[in-house]
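User: I have a structure open and want to learn how to read it feature by feature. Can you walk me through it?

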Amino acid sequence: MSLKDKLRQGFERRFITVNVPLVGDVRLRSLSSSEMRALRNSLTDDKGETIKPRIERLNEILASMTIVDEAGNLEFTEGEAMSGAFDSMDAASAKVLFSHVVRHTGFTADSDWQAIEGAAKN
């Protein structure tokens with residue numbers, strides 16, 4: 001099988017369990033390239049303008065896309081993330097959780113990320 005065929009066939013999700021202080025074990029799933037692209041695209045509107053509420057909840061949105069139960073089903077919806085599902089969480093625990101999520105998913109900014117971050121600060 002050629003490399004091209006391997007890359008096109010898709011992959012099974014990767015799962016890990018991480019320990020988060022004051023929370024305990026949390027199971028995370030990986031994301032596909034198309035899910036990552038859709039997330040990045042959801043941060044700006046049709047005019048390329050930053051959607052500030054989405055930027056402000058980016059960690060929570062990403063967590064809602066990755067936190068799963070033992071069967072691999074999502075524990076949170078994006079709507080719950082946007083509505084403050086993680087707001088009562090201890091800040092230090094949240095920081096640990098979100099860093100695990102970023103590390104496991106490989107979430108990185110695309111070339112326009114600096115512009116998005118700058119716009120969100122204004």
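**Reading the fold**

Analyst: Start with one residue. Leu3 counts as exposed, at 60% relative accessibility. The model is predicted.

User: Where is Leu3 placed in the chain's elements?

Analyst: Leu3 sits in helix H1, residues 3–9. Leu3 also belongs to a nonpolar surface patch with Leu7 and Phe11. Together the three have about 390 Å² of accessible area.

User: Which elements make up the chain?

Analyst: Seven helices and three strands. Read from the N terminus, their order is α-β-β-α-α-α-β-α-α-α.

User: How do I read the way strands pair?

Analyst: Strands of a sheet pair through backbone hydrogen bonds, either parallel or antiparallel. Now the case here. The three strands form an open sheet, ordered S1-S2-S3, with antiparallel pairing. Strand S1 (15–20) and strand S3 (67–68) are at the edges. Each has a single partner strand, so one side of each lacks a neighbour in the sheet.

User: How many bridges join S1 to S2?

Analyst: Six, with S2 covering residues 24–29. One pair to locate: Ile16 has Leu28 in S2 as its bridge partner.

User: And how many bridges hold S2 and S3 in their pairing?

Analyst: Two, again in the antiparallel sense. Look at Leu28 once more. Leu28 stands opposite Ile67 in S3.

User: What do S1 and S2 form, and how many residues lie between them?

Analyst: They form a hairpin, with three residues between the strands. Check the backbone torsions in the turn. Leu22 is not a glycine, yet has a positive phi of about 70°. Leu22 lies in the loop between S1 and S2.

User: Is Leu22 buried or exposed?

Analyst: Apply the cut-off: exposed means over 50% relative accessible area. Leu22 is at 75% relative accessibility, so it counts as exposed.

User: Now the packing on the sheet. Which strands does helix H6 lie across?

Analyst: H6, residues 91–105, lies across S1, S2 and S3. Its direction is at about 160° to S1.

User: Which residue of H6 should I look at?

Analyst: Try His100, which is in helix H6. Its relative accessible area is 18%. Buried means under 20%, so His100 counts as buried.

User: Which residues does His100 touch, leaving out those up to four places away in sequence?

Analyst: Val18, Asn19 and Leu28. Leu28 is the residue that bridges to Ile16 and stands opposite Ile67.

User: How do I judge whether a whole helix is enclosed?

Analyst: Go through its residues and check burial. Take helix H4, residues 58–66. Eight of its nine residues are buried, so H4 is largely enclosed by the rest of the structure.

User: Which residues of H4 are buried?

Analyst: Leu58, Glu60, Ile61, Leu62, Ala63, Ser64, Met65 and Thr66. Select them in your viewer.

User: What about burial over the chain?

Analyst: The chain has 122 residues, and 34% of them count as buried. The exposed area is about 7800 Å². Carbon and sulfur atoms supply 49% of that area.

User: What share of contacts joins residues at least 24 apart in sequence?

Analyst: The share is 56%, taken among contacts between residues at least 6 apart in sequence.

User: Which points should I revisit on screen?

Analyst: Three. Trace the sheet order S1-S2-S3. Find the positive phi of Leu22 in the turn. Then see His100 touching Val18, Asn19 and Leu28.

Conventions: Residues are numbered from 1 along each chain as its sequence is written. This is a predicted model: local features need pLDDT of at least 70, side-chain atom pairs count only at pLDDT 80 or more; totals for chains, interfaces and linings use all residues. Side-chain values use heavy atoms; hydrogens and water are left out. Buried means under 20% relative accessible area, exposed over 50%, partly exposed in between (1.4 Å probe, protein chains only). Helices (H or I, at least four residues) and strands (E, at least two) are DSSP runs, numbered from the N terminus. Patches are made of residues with over 30% relative accessible area and no salt bridge: like charges are joined within 9 Å, nonpolar side chains (Val, Leu, Ile, Met, Phe, Trp, Tyr) within 5 Å. Accessible areas come from the Shrake-Rupley method with a 1.4 Å probe; for residues, only the protein chains shown count as cover. A salt bridge is a side-chain nitrogen of Lys or Arg within 4 Å of a carboxyl oxygen of Asp or Glu. Two strands pair if DSSP finds at least two bridges between them. Contact means heavy atoms within 4.5 Å. Axes are lines fitted to C-alpha atoms, for helices over the stretch in contact, and angles run from 0 to 180 degrees between N-to-C directions.
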